[in-house]
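Okay, thanks everyone for coming. I'd like to walk you through a model, starting with one helix and working outwards.

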Amino acid sequence: MSEIDILSVSFDPFKEVDNSTESAPGVGSKGAVHVRVQQRNGRKCLTTVQGISKNFSYNKILKDLKKEFCCNGNVVEDLELGQVIQLQGDQRKNVAQFLTQRGILKKEQIKLHGF
């Protein structure tokens, strides 16, 4: 390469980068998969999973989760969050372990929330 070719290449290191196309395979457009627990009434609680890529079938993942953990659940459509998987009980650690073992996500891509 000549000196003119090097100068003609324009690279701005401070330019904003569009990371939406470079995200990990299992993660949706928001950046990470969030696993939360919500307190219902009394001792009952609900586990929610949001942010899984739309390339995966939520219903198939839900079917495997229900079968693996012997609990009930459903897929809820939210206006802001998109599709959210809900499971009965506190299944945060189980869900994180399930998603990593099946190769859907890496451990660093999962964020656990709750009390």
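**Starting from helix H3**

So, let's begin with H3, where the buried residues are Arg92, Val95, Ala96, Phe98 and Leu99. Before I go on, keep in mind that this is a predicted model.

Where do those buried residues sit around the helix? Looking down the axis of H3, they fall within an arc of 165 degrees, so they line one face of the helix. Turn to the face pointing away from that buried side, and you find the exposed residues Lys93 and Gln101. And what covers the buried residues of H3? The cover includes E1, strand E2 (45-50), H2, E4 and E5.

Let me step back for the overall layout. The protein chain has 3 helices and 5 strands, and from the N terminus on they run α-β-β-α-β-β-α-β. There are 115 residues in the chain, and 33% of them count as buried. If you take the contacts with a separation of 6 or more, 51% come from residues 24 or more positions apart. As for the surface, the accessible area of the chain is about 8,600 Å², with 49% of that belonging to carbon and sulfur atoms.

Now the inside. As a general point, nonpolar side chains in soluble globular proteins tend to be buried together. Here, the largest nonpolar core has 19 residues. Which ones have the most contacts inside that core? Those are Val49, Ile52, Leu65, Ile85, Leu87, Val95 and Leu99, and you'll recognise Val95 and Leu99 from the buried list of H3. The elements giving two or more residues to the core are strand E1 (33-39), H2, strand E4 (82-88) and H3. The largest share comes from H2, with 5 residues.

H2 and H3 also meet through their rings. The structure holds 1 aromatic pair: the ring centres of Phe69 and Phe98 are 6.1 Å apart with the planes at 70 degrees, and since anything over 60 counts as edge-to-face, that's what this pair is. Phe69 is in helix H2 and Phe98 in helix H3, so the pair ties together parts that are 29 residues apart in sequence. Are these two buried or exposed? Both Phe69 and Phe98 are buried.

On to the charged side chains, where the count comes to 2 salt bridges. One of them joins Arg102 and Glu68, at 3.5 Å from N to O. Arg102 lies in the loop between helix H3 (92-101) and strand E5 (110-112), while Glu68 is in helix H2 (residues 58-69), so this pair links parts that are 34 residues apart in sequence. Both partners are partly exposed: Arg102 has a relative accessible area of 46%, and Glu68 is at 45%.

The other salt bridge is between Asp90 and Arg92, at 2.9 Å from N to O. Are its partners buried or partly exposed? Asp90 is partly exposed, with a relative accessible area of 38%, whereas Arg92 is buried, at 14%. That's the Arg92 we met on the buried list of H3.

One last detail, at the end of the helix we started with. Just after H3, Gly103 takes a positive phi of about 80 degrees. Right, that's my tour, so over to you for questions.

Notes:
Residues are numbered from 1 along each chain as its sequence is written. Side-chain values use heavy atoms; hydrogens and water are left out. Helices (H or I, at least four residues) and strands (E, at least two) are DSSP runs, numbered from the N terminus. Buried means under 20% relative accessible area, exposed over 50%, partly exposed in between (1.4 Å probe, protein chains only). Contact means heavy atoms within 4.5 Å. Accessible areas come from the Shrake-Rupley method with a 1.4 Å probe; for residues, only the protein chains shown count as cover. A salt bridge is a side-chain nitrogen of Lys or Arg within 4 Å of a carboxyl oxygen of Asp or Glu. A nonpolar core is a set of buried Ala, Val, Leu, Ile, Met, Phe, Trp, Tyr and Cys residues joined through side-chain atoms within 4.5 Å. The arc is that of the directions from the helix axis to the C-beta atoms. Rings of Phe, Tyr and Trp (its six-membered ring) pair if their centres lie within 6.5 Å; planes under 30 degrees apart count as stacked, over 60 as edge-to-face and the rest as tilted.
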